[in-house]
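Trainee: I have a new model to read. Can we go through it step by step?

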Amino acid sequence: MADIKYEVVEHIGVLSESARGWKKEVNRISWNGAAPKYDIREWAPNREKMGKGVTLSVDEVEKLKELLNI
């Protein structure tokens, strides 16, 4: 499996933290050098591991805001 490279361009905030220290975060991340996208996923302490998450474009974030009425 190919290595996935990422860069956290902007840390937006933490949604929750588990008893084991994993944090569910909202960030803007550049995956493999591409334009940054919004990303929601769990991270181990010090970001040494990541869980599965969801990545959203700006348009998708705008649509989500509409759907949530915020």
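Mentor: Start with a term: two strands pair if DSSP finds at least two bridges between them. Keep in mind that this model is predicted.

Trainee: Which residue in S3 stands opposite asparagine 27?
Mentor: Look at strand S2, residues 23-31, and strand S3, residues 37-43. They pair in the antiparallel sense over seven bridges. Opposite asparagine 27 stands aspartate 39.

Trainee: In what order do the four strands lie in the open sheet?
Mentor: The pairing in this sheet is antiparallel. Strand S1 (6-17) and strand S4 (50-56) are the edge strands, and each pairs on one side only. Neighbouring strands are turned by 25° against each other on average, direction ignored. The order is S1-S2-S3-S4.

Trainee: What angle does the direction of helix H1 make with that of S4?
Mentor: Helix H1 covers residues 58-68 and packs on the sheet. It touches S3 and S4. Its direction and that of S4 make an angle of about 85°.

Trainee: Is asparagine 46 buried or exposed?
Mentor: Asparagine 46 sits in the loop between S3 and S4. Its phi is near 65°, a positive value in a residue other than glycine. Exposed means over 50% relative accessible area. Asparagine 46 has 77%, so it is exposed.

Trainee: What does arginine 47 count as at 28% relative accessibility?
Mentor: Arginine 47 is also placed in the loop between S3 and S4. It is not a glycine, yet its phi is positive, about 55°. Buried means under 20%, exposed over 50%. At 28%, arginine 47 therefore counts as partly exposed.

Terms used. Residues numbered from 1 in each chain as written. Predicted model: local features only at pLDDT ≥ 70, side-chain atom pairs only at ≥ 80, totals over all residues. Heavy atoms only, no water. Helix = DSSP H or I, 4+ residues; strand = E, 2+ residues; numbered from the N terminus. Axes fitted to C-alpha atoms, helices over the stretch in contact; angles between N-to-C directions. Contact = heavy atoms within 4.5 Å. Buried < 20%, exposed > 50% of the residue type's maximum accessible area, 1.4 Å probe, protein only.
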